[in-house]
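Please open the structure below in your viewer and keep a selection tool at hand. We will move through it stop by stop.

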Protein chains: 2
Amino acid sequence: MTRFRALVEVSLRPGIADPQGATIERALPALGFEAISGVRAGKAFRFVVDATDEHAARKQVDDLCRRLLTNPVIEDSAVTLEQA
Amino acid sequence: MTRFRALVEVSLRPGIADPQGATIERALPALGFEAISGVRAGKAFRFVVDATDEHAARKQVDDLCRRLLTNPVIEDSAVTLEQA
């Protein structure tokens, strides 16, 4: 068994309204951040996976994304794995 | 001016209670994910920064993290920048 550290970034799919990102963006000029735009808010999950190899670990994480961490209708997920 | 794509990962500092992560972790055995543990939930923000160079872009993003995106008492932030 090998231990992997996983990072899953869950983001809203392009075209899906993002009120949290829009609210942050509206606050930027008053704070002096004129050069920042296109804010999108998402989620980041970190956890540990024990698996025989990276392929098996990725399969588990993809499965977890589909079944629990994301709503595939409106969200995308990006998985990063590294050996612990 | 150069355009940079920024990713800010906001995570709870070690030792800070994470009810969302704990709830996900409690659901894992019933879904068949016995090999996944240590779940921590955080936030991910993506946006675009226009700056003269990467150093100036990073300064702006660090400033934004401190003033708007994180609560430094309980949260850490990790910034990734890439040229757009």
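What follows is a short tour of a predicted model, beginning with its sheet and ending with its chain-to-chain contact.

**Stop 1: the sheet**

Show chains A and B as cartoons and select the strands. You should find an open sheet of 6 strands, paired in the antiparallel sense, in the order S3(A)-S1(A)-S2(A)-S2(B)-S1(B)-S3(B). Now colour the two edge strands, S3(A) and S3(B), which each cover residues 75-83 and pair on one side only. Turn the view to look along the sheet: from one strand to the next, the twist averages 25°.

**Stop 2: from the edge inwards**

Stay in chain A and select S1(A) with S3(A). These strands are joined by 9 bridges and pair in the antiparallel sense. For a landmark, pick Ala6(A); opposite this residue, in S3(A), stands Leu81(A).

**Stop 3: where the chains meet in the sheet**

Next, select S2(A) and residues 36-51 of chain B, which form S2(B). How many bridges link S2(A) and S2(B)? There are 11, and the pairing is antiparallel. Zoom in on Phe45(A), whose bridge partner in S2(B) is Ala41(B).

**Stop 4: helices on the sheet**

Add H1 of chain B, residues 19-31. This helix lies across S2(A) and S2(B), and it runs at about 130° to S2(B). Then add H2 of chain B, residues 54-69, which packs on the sheet and touches S2(A) as well as S1, S2 and S3 of chain B. The direction of H2(B) makes about 125° with that of S2(B).

**Stop 5: the whole interface**

Now select every residue in the contact: 31 from chain A and 31 from chain B. About 2,700 Å² is buried between the two chains, and carbon and sulfur atoms give 60% of that area.

For the polar side of the picture, display the 12 residue pairs in polar contact between chain A and chain B. The interface also has 2 salt bridges. One to zoom in on joins Arg46(B) to Glu9(A), with the closest N and O atoms 2.8 Å apart.

Finally, hide chain B and look at the side of chain A that touches it. The elements giving two or more residues to this side are S1 (2-12), H1 (19-31), S2 (36-51) and H2 (54-69) of chain A. Which element gives the largest share? That is S2(A), with 15 residues. Colour this side of chain A by class and you will see 18 nonpolar, 5 polar and 8 charged residues.

Definitions and conventions
Residues numbered from 1 in each chain as written. Chains lettered and ligands numbered in written order. Predicted model: local features only at pLDDT ≥ 70, side-chain atom pairs only at ≥ 80, totals over all residues. Heavy atoms only, no water. Contact = heavy atoms within 4.5 Å. Buried area = accessible area lost by both parts, 1.4 Å probe. Salt bridge = Lys/Arg side-chain N within 4 Å of Asp/Glu carboxyl O. Polar contact = N/O pair within 3.5 Å; in protein donor to acceptor, adjacent residues only side chain to side chain. Helix = DSSP H or I, 4+ residues; strand = E, 2+ residues; numbered from the N terminus. Nonpolar A, V, L, I, M, F, W, Y, C, P; charged D, E, K, R; others polar. Pairing = 2+ DSSP bridges. Axes fitted to C-alpha atoms, helices over the stretch in contact; angles between N-to-C directions.
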